[in-house]
Amino acid sequence: MTDTTSTPTLGPCSLATLASSDAARLVDDYCSHLHCHVLASDTLTESMAEQWQCAGLAGATYWVLGNANGRAWLRIVDDAGAEPAKPLQRAGWMAMEILVEDVDSLAETLEGSSFEQLRPVANLELSDKIRAVQVQGANGELLYLTQISGEVPPFQLPTASCAVDHLFIPVLASSNRSESLAGYESLAEHSGLSFDTRVTVINQLRGLPMESQHPLATLQLADSSLIEIDQLEQLTTPIKSTQTLGGGIAMVTFYIDQIPQQFTTYQHRQAPYNGHRSCTVYGYDGERIELIER
């Protein structure tokens with residue numbers, strides 16, 4: 001049973017994974033423009049590729065990137081078969097909400113970079129304590145660069161400790177908000193919230209009236225992180241291949257108190273696993289979910 005009073009057993013979200021046929025360039029983009037540092041670089045073992053159900057990627061190079069304080073939040077995989085995603089057309093992980101110190105200043109520095117600004121910096125309709133800008137990266141990934149300036153009840157949100165801090169809300173595009181939310185509530189042993197709200201970047205990219213409302217859900221996770229679920233119409237099914245992860249945001253990794261017994265687990269010495277038990281499962285819309293036991 002889920003509830004809203006206990007501490008969620010799922011979270012925080014650890015990192016997002018991008019797969020690209022031009023991975024080295026993508027690494028440079030994030031290091032040059034979003035203050036990332038390469039924390040580790042290695043090759044995917046057969047065991048790691050097997051866990052991802054993508055055996056064809058065994059031997060591929062990957063990089064783990066993190067912030068100035070050494071907190072990892074992004075993994076980039078060299079994947080020859082991955083093509084840039086078209087935003088908001090495919091079910092699955094659609095955006096990374098990244099915590100930043102000064103969104104206005106950061107947005108100015110991104111002008112002329114590979115990160116295309118989609119909407120002007122603005123306060124969210126939800127609260128004037130949340131100020132954000134939406135940009136699109138070279139891999140088709142969407143980033144919501146977000147500054148938190150105060151408390152926003154009932155949500156537990158973090159505050160930034162460096163210019164670009166970490167991923168704190170992975171955003172899912174789902175064909176069914178209720179079904180998707182139920183799956184994550186089961187993992188977290190915690191109840192989420194469902195509501196309708198205006199999402200201007202969705203309205204812009206989909207050619208909808210800017211005041212259009214969309215069915216959303218949020219689920220509070222441990223360590224002041226969340227999952228956001230956006231229900232959208234006419235979504236294609238994510239690629240499921242043993243040879244490629246596909247473009248865009250291929251997977252999101254979460255810490256969990258204990259991996260459920262029904263999942264097959266692995267142990268890898270490499271970062272970000274560092275010997276902890278892990279598994280990869282699929283959500284309602286076919287999105288890859290990676291769990292690492294604390």
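This is a short chat about aromatic pairs and two charged side chains in a predicted model.

Trainee: How many aromatic pairs are there in this predicted model?

Mentor: The count comes to four aromatic pairs. One of them is formed by tyrosine 30 and tryptophan 73, whose rings lie 6.2 Å centre to centre with 70° between the planes, an edge-to-face arrangement.

Trainee: And where in the chain do tyrosine 30 and tryptophan 73 sit?

Mentor: Tyrosine 30 belongs to helix α1 (residues 23-33) and tryptophan 73 to strand β4 (residues 72-78), so the pair links distant parts of the chain, 43 residues apart. Tyrosine 30 is buried, as is tryptophan 73, and Tyr30 and Trp73 form one aromatic cluster together with Phe115.

Trainee: Why is the pair of tryptophan 93 and phenylalanine 254 called tilted?

Mentor: Because the planes of tryptophan 93 and phenylalanine 254 meet at 50°, with the ring centres 6.1 Å apart, the pair counts as tilted. Tryptophan 93 is in strand β5 (residues 92-100) and phenylalanine 254 is in strand β14 (residues 249-256), so this pair ties together parts 161 residues apart in sequence.

Trainee: Are those two buried or exposed?

Mentor: Tryptophan 93 and phenylalanine 254 are both buried.

Trainee: Switching to charges, what does the charged end of lysine 240 sit over?

Mentor: The charged end of lysine 240 is placed over the ring of tyrosine 282, at 4.1 Å from the ring centre.

Trainee: What about arginine 288, is it buried or exposed?

Mentor: Arginine 288, which lies in strand β17 (residues 288-293), is buried yet has no salt bridge, and the nearest side chain of opposite charge, aspartate 79, is 7.8 Å away. A polar atom of the arginine 288 side chain does, however, lie 3.2 Å from the backbone oxygen of tryptophan 52.

Notes: Residues are numbered from 1 along each chain as its sequence is written. This is a predicted model: local features need pLDDT of at least 70, side-chain atom pairs count only at pLDDT 80 or more; totals for chains, interfaces and linings use all residues. Side-chain values use heavy atoms; hydrogens and water are left out. Rings of Phe, Tyr and Trp (its six-membered ring) pair if their centres lie within 6.5 Å; planes under 30 degrees apart count as stacked, over 60 as edge-to-face and the rest as tilted. Helices (H or I, at least four residues) and strands (E, at least two) are DSSP runs, numbered from the N terminus. Buried means under 20% relative accessible area, exposed over 50%, partly exposed in between (1.4 Å probe, protein chains only). A charge sits over a ring if NZ of Lys or CZ of Arg is within 6 Å of the ring centre and within 35 degrees of the ring normal. Lys and Arg count as positive and Asp and Glu as negative; His and the chain ends are not counted. A salt bridge is a side-chain nitrogen of Lys or Arg within 4 Å of a carboxyl oxygen of Asp or Glu. A polar contact is a pair of N or O atoms within 3.5 Å; within protein, one must be able to donate a hydrogen and the other to accept it, and residues adjacent in sequence count only if both atoms are side-chain atoms.
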